[in-house]
Amino acid sequence: MDRERLHRERGMSVRLKLTLSYAGFLMVAGGILLAVVWVFLLRYVPEVIAVPSVGPREPGSGPGSPLIGIPDRADLQAAFVPKALVALVFLLVFGLAGGWLLAGRMLAPLNRITHATRLAAEGSLAHRIRMEGRTDEFRELADAFDAMLARLEAHMEEQQRFAANASHELRTPLAITQTLLDVAHNDPARESDELVERLRYVNARAIELTEALLMLSRAERRSFTREEVDLSLVAEEATETLLPLAEGRGTAVRTTGDVTTTTGSTALILQMVTNLVHNAIVHNLEEGGSVRVAVRAEGADAVLVVENTGPVVAGRLVGTLTEPFQRGTGRVSTGHAGVGLGLAIVDRIVRAHDGALDIASRDGGGLVVTVRLPAARRSA
């Protein structure tokens, strides 16, 4: 199909079509004007016009004296038709020349957009049209195209960073596994139980990273079935699942909220809440920490707030927490550090559900994470 489109016969250019349209319209308008002159003027002129002579009569002239003739219909036609033809020829030439110039001027912005499109197709996403002048249809199209290029460029850069980081993160457990196997091969007398345990741990980390990458990809593709989800029940399920982890770290978890429904994937929303609560527990105070999970309805939004105590997070660091493989201070020092995709997955899931994610530093340390999802519509 694509090859057929590339090799289809080339037709008339838009500029030529517009030129012919302008010239044709001008010819039709001129023809109508001449027809009006003919219909409403010449048709009322008699074929023969004669009036009595008003001059002195010659001697002996009687009633049948000669009449003085004036231009009749035939005379006017003989004078009008050639001039009308000349006028039509002039209108045709003027319409073609003027139409060609006008069409070129009107299509100049479109040529710039076409040039930018070809550059983008060749991989140059940094080019921008930046159409000047007042707002019209071409200006709106150029601005929309520039915005699309900006989003594509940002997405491409993000994907390249993600691919590089994912390759680095996946290479680490594989390199560790290879090192352990080389050590075991060179030292057959080495204790195998310790080696197996370390291999199991490294393999589990690799599996966790792979599953996180798959979850991230699934959220970005929006490949899920939407259904009504009670956000409060999901929050309770996530906190109950992570309660042993919180108790082991001496962190108090409190969940509040009424029935609040949204629309989306139950599994993805549960993963989102689980990641937020897990992060709030793990990145908390060593002793006496707390996590508060609140669910409420605000207008047309279902709101989830996860607030935790913890170390002070710098403002410049907060904005990078949703980037893949970005870890805050102290994130790697714990045995539950994760793979650096927790908040990145949360961000993708929220966007896949047409929601908004806000992360802010909490007074006294810790974070306040607010998720806004569209509330489920109630049928009348």
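Q: Before we start, when do two strands pair here?
A: Two strands pair if DSSP finds at least two bridges between them. Keep in mind that this is a predicted model.

Q: OK, so which residue is the bridge partner of Glu-307 in β9?
A: Val-368 is the bridge partner of Glu-307.

Q: And how many bridges do β7 and β9 pair over, and in which sense?
A: Strand β7, residues 301-308, pairs with β9 over eight bridges, in the antiparallel sense.

Q: Zooming out, what order do the strands have in that open sheet?
A: The sheet has five strands in the order β4-β6-β7-β9-β8, and the pairing is mixed. Its edge strands are β4 (252-257) and β8, each pairing on one side only. From one strand to the next, the twist averages 10°.

Q: Which way do β4 and β6 run?
A: They run parallel, with six bridges joining β4 to β6 (residues 290-298). As one example, Gly-257 stands opposite Val-295 in β6.

Q: What about β8 and β9, parallel or antiparallel?
A: Antiparallel, and six bridges join them. Ala-356 stands opposite Arg-372 in β9. The two strands form a hairpin with five residues between them.

Q: Which residue in the turn has a positive phi?
A: Gly-364, with a phi of about 95°.

Q: Sticking with β8, where is Asp-358, and what does Asp-358 touch?
A: Asp-358 sits in β8, which covers residues 356-361. Not counting residues up to four places away in sequence, Asp-358 touches Val-368, Val-369 and Thr-370. There's also Val-305, which is 53 residues from Asp-358 in sequence but 9.6 Å from it in space, C-alpha to C-alpha.

Q: Why does Asp-358 count as partly exposed?
A: Because its relative accessibility is 44%, and partly exposed means between the 20% and 50% cut-offs.

Q: Now the other Asp: is Asp-230 buried or exposed?
A: Asp-230 counts as buried, because its relative accessibility is 17% and the buried class is under 20%. Asp-230 is in strand β3, residues 227-230. Leaving aside neighbours within four places in sequence, Asp-230 contacts Val-259, Thr-260 and Thr-261.

Q: Switching to helices, where does α9 lie?
A: α9 lies across β8 and β9 (367-374), and runs at about 145° to β8.

Q: How do the axes of α7 and α9 cross?
A: The axes of α7 (residues 266-282) and α9 (residues 342-352) come within 9 Å and cross at roughly 145°. α7 passes α9 in a left-handed crossing.

Q: Which residues in α7 meet which in α9?
A: From α7 you get Leu-268, Ile-269, Gln-271, Met-272, Asn-275, Leu-276 and Asn-279. On the α9 side they meet Gly-342, Leu-343, Ile-345, Val-346, Ile-349 and Val-350.

Q: And by class, what does the contact of α7 with α9 have?
A: Nine nonpolar residues, four polar ones and no charged ones.

Q: Last thing before I set anything up: what pLDDT does the protein chain average?
A: The average is 78, and 79% of the residues score at least 70.

Q: Where does pLDDT stay under 50?
A: Over residues 329-336, for which the model has 13 contacts beyond four places in sequence. Where pLDDT is low, the predicted coordinates should not be read in detail.

Technical notes
Residues numbered from 1 in each chain as written. Predicted model: local features only at pLDDT ≥ 70, side-chain atom pairs only at ≥ 80, totals over all residues. Heavy atoms only, no water. Axes fitted to C-alpha atoms, helices over the stretch in contact; angles between N-to-C directions. Helix = DSSP H or I, 4+ residues; strand = E, 2+ residues; numbered from the N terminus. Left-handed = near helix turned anticlockwise from the far one by under 90°. Contact = heavy atoms within 4.5 Å. Nonpolar A, V, L, I, M, F, W, Y, C, P; charged D, E, K, R; others polar. Buried < 20%, exposed > 50% of the residue type's maximum accessible area, 1.4 Å probe, protein only. pLDDT = per-residue confidence, 0-100.
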